[in-house]
Amino acid sequence: AVLGHIVTTAGVRLPGTIDYAGTSFSDIPSGLAAFSKIPPAGVLQIALGIGGLELFAMKDVIGGEFIGDFRNGFIDFGWDEYTPEQKQRKRLIELNNGRAAMMGIIGLMVHEKLNNDPYIINSLLGHPVDFNAGF
């Protein structure tokens, strides 16, 4: 999410249109402001896509080693070769990476709502970002 925020703020957009009315991807601002510009059918597609993944794809079919183990006997990447200590360490690393990612995107969203400057560190270092200029 943080990388997507940074990339769209830098101006990188998909080519083409987001709906049949001709709204181009480049017309959609970055950050939370994007939700006001996405057509309602698009928001519904996002919600249905996430719901479909939750209900049908992200299932523990065969019973994993631990809660959240969705390998289902399909993807291994050498997991079974690790010792229990290595598995525990890798699970903790993944958990902490997820926490860091959540804190990163929450920080961007909070600063965007406070003063429309999600990249506060750039401003503090003398390189402010003109966030969502032109939208």
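**Figure 1. Aromatic pairs in the predicted model, with the contact between Trp-79 and Tyr-82 in close-up.** In this predicted model, the number of aromatic pairs comes to 3. One of them joins Trp-79 and Tyr-82, whose rings are arranged edge-to-face, with 5.9 Å from centre to centre and 85° between the planes. This pair counts as edge-to-face because the angle of 85° between its planes is over the limit of 60 degrees. The two partners fall into separate classes of accessibility: Trp-79 is buried, at a relative accessible area of 12%, whereas Tyr-82, at 28% relative accessibility, is partly exposed. Trp-79 is classed as buried because its value of 12% is under the cut-off of 20%.

**Figure 2. The aromatic cluster and the charged group over one of its rings.** Phe-66, Trp-79 and Tyr-82 together make up one aromatic cluster. The ring of Phe-66 also has a charged partner, since the charged end of Arg-91 sits over this ring at 3.8 Å from its centre.

**Figure 3. The second largest pocket and its lining.** The space in the second largest pocket amounts to about 230 Å³. Its lining includes the three members of the aromatic cluster, Phe-66, Trp-79 and Tyr-82, and Arg-91, the residue whose charged end sits over the ring of Phe-66. Asp-76, Phe-77, Lys-90, Ile-93 and Glu-94 are also among the residues that line the second largest pocket. When the lining is divided by class, 5 residues are nonpolar and 4 are charged, while no polar residue takes part.

**Figure 4. Ile-93, a lining residue in helix α4.** Ile-93, one of the residues that line the second largest pocket, belongs to helix α4. With a relative accessible area of 38%, Ile-93 is partly exposed. Val-129 is 36 residues away from Ile-93 in sequence, and the C-alpha atoms of these two residues are 32 Å apart in space.

**Figure 5. The largest pocket and the elements that line it.** The largest pocket has a volume of about 490 Å³. Among the 19 residues of its lining, those closest to the centre of the pocket are Thr-8, Pro-29, Gly-31, Ala-34 and Ile-38. Two or more lining residues come from each of the elements α1 (2-9), α2 (34-37) and α4 (84-115), and α1 provides the largest share, with 3 residues. By class, the lining of the largest pocket consists of 13 nonpolar residues, 5 polar residues and 1 charged residue.

**Figure 6. Ile-18 and its position relative to Ile-38.** Ile-18 is located in the loop between α1 and α2, where it is partly exposed, with a relative accessible area of 29%. Ile-38, which is one of the residues closest to the centre of the largest pocket, is 20 residues from Ile-18 along the chain, and the C-alpha atoms of the two are separated by 8.0 Å.

**Figure 7. Asn-116 in the loop that follows helix α4.** The loop between α4 and α5 (120-124) contains Asn-116. The phi angle of Asn-116 is near 60°, which is a positive value in a residue other than glycine. At 39% relative accessibility, Asn-116 counts as partly exposed.

**Figure 8. The protein chain as the setting for the close-up views.** The protein chain has 5 helices and 0 strands, and its elements follow one another from the N terminus as α-α-α-α-α. Along the principal axes, the C-alpha trace of the chain spans about 55 × 40 × 25 Å. The radius of gyration of the protein chain is 20 Å, whereas a compact globule of 135 residues would have a value near 14 Å. Of the 135 residues in the protein chain, 15% are buried, and Trp-79, shown in the first view, is classed as buried.

Conventions:
Residues numbered from 1 in each chain as written. Predicted model: local features only at pLDDT ≥ 70, side-chain atom pairs only at ≥ 80, totals over all residues. Heavy atoms only, no water. 1 Å grid on protein atoms, 1.4 Å probe; cavity = no way out; pocket = protein on both sides within 12 Å on 5 of 7 lines; lining within 4 Å. Points joined across faces, edges and corners; volume = space filled by probe spheres on them. Helix = DSSP H or I, 4+ residues; strand = E, 2+ residues; numbered from the N terminus. Nonpolar A, V, L, I, M, F, W, Y, C, P; charged D, E, K, R; others polar. Phe/Tyr/Trp six-rings, centres within 6.5 Å; stacked < 30°, edge-to-face > 60°. Buried < 20%, exposed > 50% of the residue type's maximum accessible area, 1.4 Å probe, protein only. Lys NZ or Arg CZ within 6 Å of the ring centre and 35° of its normal. Rg over C-alpha atoms; globule rule 2.2 N^0.38 Å.
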